[in-house]
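Biologist: I am new to this structure and would like a close look at a single part of it, the place where a helix is laid over strands. Could you take me through that part slowly, and then show me how the rest of the chain is arranged around that starting point?

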Amino acid sequence: ISERLLDGSLLPSVLCSACMRRAESLKDLNIFVRLMKEKAKVKSVEADVRYKEGNSKGILDGIPFAVKDNFCTLNIETTCGSHILENFKPKYNATVVQKLENAGAILLGKCNMDEFAMGSGTVDSMHGPTLNIWGSKHKYKLISKSGISHTVPVQNIGDDFFIAGGSSGASAVSVASGCVFGSLGSDTGGSTRIPAAYCGVVGLKPSYGLLSRYGLIPLVNSLDVPGILTRTVDDAAVLLSSAISHDHLDSTTISDKFLPVDLSHNVDIREFRIGIPQEYRCEAMSEEVVETWSMVADILEKAGAEVVKVSMPYTSSSIACYSVLNQCEVASNMARYDGIEFGLRTAEDRSTEQLYASSRSTGFNEVVRGRIFAGNYFLLQRNYNEYFIQALKVRRLIADDFIRAWHSGIDVLLSPVTLTDAPLYSWFTAKENREQCAEQDYCSQPANMAGVPAISIPIKLSTRGLPLSLQLMAPIYREDKLLSVAKWIENAVDFPSLMLQHYYNT
């Protein structure tokens with residue numbers, strides 16, 4: 001697309017208009033909570049002028065993108081999927097949003113999400129659930145890069161639908177459906193990689209501190225990172241390179257100069273040592289996921305990579321540790337929403353305490369309130385050492401698992417990212433949110449606990465015709481290794497792209 005923009009065969013305004021029409025035609029999937037029609041139109045015309053004058057800002061100039069609704073956007077509602085921020089309009093852009101706009105990318109819209117990013121399905125939002133494009137009622141074709149067409153099985157699911165994953169599910173669907181070419185999500189315990197896996201796109205969680213969190217409304221400060229969703233590994237590398245920088249507004253960003261990731265050279269996979277973490281296999285994991293994992297390990301080994309089993313013994317403790325730390329930080333972060341300074345304020349006026357209680361119980365959903373209660377319980381003086389301090393100690397042991405793997409010569413770890421293909425909404429909502437998160441995040445959250453980069457890449461289709469994906473993890477700040485191996489696997493498996501029928505015919 002960038003090449004066509006550069007040679008003049010396609011105008012940014014035409015591209016943006018087509019993407020906007022696509023987004024409006026897919027309203028039933030509930031991808032966007034708001035579209036920036038006028039702003040996007042103005043920005044695309046400005047990009048037209050730059051291209052005509054030979055002053056393009058670069059590869060992202062004129063390219064439509066979307067952001068999850070927990071990234072602050074200047075004078076545009078940012079709700080986090082919650083009634084308590086229903087009318088909140090930030091007076092600034094999140095740093096990563098600003099950097100993409102500085103590169104010429106055009107913000108098409110804000111994407112739906114689980115309330116305050118607390119979920120793994122994008123089903124707990126004040127805007128309602130987001131539907132996966134895969135297995136939906138929209139007709140599509142599956143075409144691989146080699147030109148092979150794949151059969152799309154008929155889904156006899158009635159009014160049910162496949163979930164998009166969460167909490168960045170709508171960001172993933174915006175890319176999978178072709179509404180945009182890249183989207184920003186957030187990743188606290190897998191919230192970018194899980195939706196990417198269910199929607200058949202690439203989901204990148206960068207190293208902690210590589211991208212600025214300024215303007216990303218926090219869930220868990222010590223785990224949150226901005227995530228990137230694209231159709232290809234190359235596109236993910238482009239967005240990552242454009243968003244990287246030290247930010248004086250975020251003290252957790254690294255000050256070292258980080259060179260853009262260059263994937264233009266073919267990688268020699270024989271130079272890599274790939275680790276297979278044995279503890280990542282669990283009871284709830286489907287045989288299809290296990291077979292996909294083994295298949296890719298065999299492909300790597302046959303191509304000359306050294307593939308070895310590694311032990312990461314604290315993996316089984318990670319989800320419990322993650323749950324405690326998550327809820328403790330949630331209790332702290334959610335304290336700011338009191339109905340006084342910003343956000344929802346109820347009419348309760350008997351006392352300040354009553355106003356706080358009324359505003360918070362009305363503004364937060366049951367999931368958020370439950371995590372606040374649990375976090376405050378863990379942080380009680382009598383429980384502080386037993387839960388919070390103990391969880392911090394276990395987190396160090398989990399990080400040490402990764403360090404031992406790197407010191408043993410492992411370049412990249414290969415594991416599942418989800419336990420199955422995308423579940424049906426009826427099955428997913430039969431369990432409560434906390435139980436689903438504990439199950440869905442099993443393979444994804446250890447990377448957040450250790451701060452290492454991870455990426456989800458689609459591998460093959462399940463028997464239901466849905467994407468099956470795997471995850472790669474690399475040492476901290478070694479996104480170059482991570483993306484190089486990911487691109488090699490992407491080329492080796494040739495996963496088909498989803499193309500909507502009416503788009504394909506035109």
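Modeller: Helix α16, which covers residues 479-493, lies across the strands β7, β9 (273-277), β11 (412-416), β12 and β13, and α16 runs at about 5° to β12. What you are looking at is a predicted model, and everything I describe should be read with that in mind.

Let me stay with β12 for a moment, since this strand serves well as a guide to what lies under the helix. Strand β12 is made of residues 454-461 and is mostly covered, for 7 of its 8 residues are buried. One of its partners is strand β7 (residues 202-205), and these two strands pair in the antiparallel sense over 3 bridges; within that pairing, Lys-205 has Ala-454 of β12 as its bridge partner. Its other pairing to look at is with strand β13 (residues 467-473), where the two strands run antiparallel and are joined by 7 bridges, with Ile-455 finding its bridge partner in Leu-472 of β13. Between β12 and β13 there are 5 residues, and together the two strands form a hairpin, in whose turn Gly-465 has a positive phi of about 75°.

Widening the view, these strands belong to an open sheet of 11 strands with mixed pairing, and the order across the sheet is β1-β3-β2-β6-β8-β7-β12-β13-β11-β9-β10. At its edges stand β1 (32-35) and β10 (306-310), each of which pairs on one side only, and from one strand to the next the twist averages 30°. The antiparallel pairings just described have a parallel counterpart elsewhere in this sheet, where strand β2 (residues 64-68) and strand β3 (residues 106-111) pair in the parallel sense over 5 bridges; there, the bridge partner of Ala-66 is Gly-109 in β3.

A separate description is needed for the open sheet of 3 strands, in which the order is β5-β4-β14 and the pairing is antiparallel. Because β5 (149-150) and β14 (497-500) stand at the edges of this sheet with a single partner strand each, one side of each is left without a neighbour in the sheet. Strand β4, residues 140-143, pairs with β14 in the antiparallel sense over 4 bridges, and in this pairing Tyr-140 stands opposite Leu-500 of β14.

Turning from strands to helices, we can follow two places where one helix packs against another. In one of them, helix α4 (residues 95-102) and helix α7 (residues 233-243) have axes 8 Å apart and pack at an angle of about 105°, which means that α4 is roughly perpendicular to α7. From α4, the residues making this contact are Val-96, Lys-99 and Leu-100, and from α7 they are Leu-239, Ser-242 and Ala-243; by class, that gives 4 nonpolar, 1 polar and 1 charged residues.

In the other place, the axes of α9 and helix α11 (residues 366-378) come within 7 Å and cross at roughly 100°, so these two helices are also counted as roughly perpendicular to each other. The meeting involves Val-324, Asn-326, Gln-327, Cys-328, Val-330 and Ala-331 from α9, and Arg-371, Ile-372, Ala-374, Gly-375, Asn-376 and Phe-378 from α11. By class, the contact of α9 with α11 has 7 nonpolar, 4 polar and 1 charged residues. One residue of this group deserves a look of its own: Gln-327, which is found in helix α9, residues 315-333. Its relative accessibility is 6%, and Gln-327 therefore counts as buried. Apart from neighbours within four places in sequence, the residues that Gln-327 contacts are Arg-371, Ala-374, Gly-375, Phe-378 and Arg-434.

Finally, it helps to set these parts within the whole chain, which has 17 helices and 14 strands. The radius of gyration of the chain is 22 Å, close to the 23 Å that the globule rule gives for 506 residues, so the chain is as compact as a globular protein of that length. Taken along the principal axes, the box filled by its C-alpha atoms is roughly 65 × 55 × 55 Å. Of the 506 residues, 59% count as buried, and among the contacts between residues at least 6 apart in sequence, 78% join residues at least 24 apart.

Methods:
Residues numbered from 1 in each chain as written. Predicted model: local features only at pLDDT ≥ 70, side-chain atom pairs only at ≥ 80, totals over all residues. Heavy atoms only, no water. Buried < 20%, exposed > 50% of the residue type's maximum accessible area, 1.4 Å probe, protein only. Contact = heavy atoms within 4.5 Å. Axes fitted to C-alpha atoms, helices over the stretch in contact; angles between N-to-C directions. Parallel < 35°, antiparallel > 145°, perpendicular 65-115°, else oblique. Nonpolar A, V, L, I, M, F, W, Y, C, P; charged D, E, K, R; others polar. Pairing = 2+ DSSP bridges. Rg over C-alpha atoms; globule rule 2.2 N^0.38 Å.
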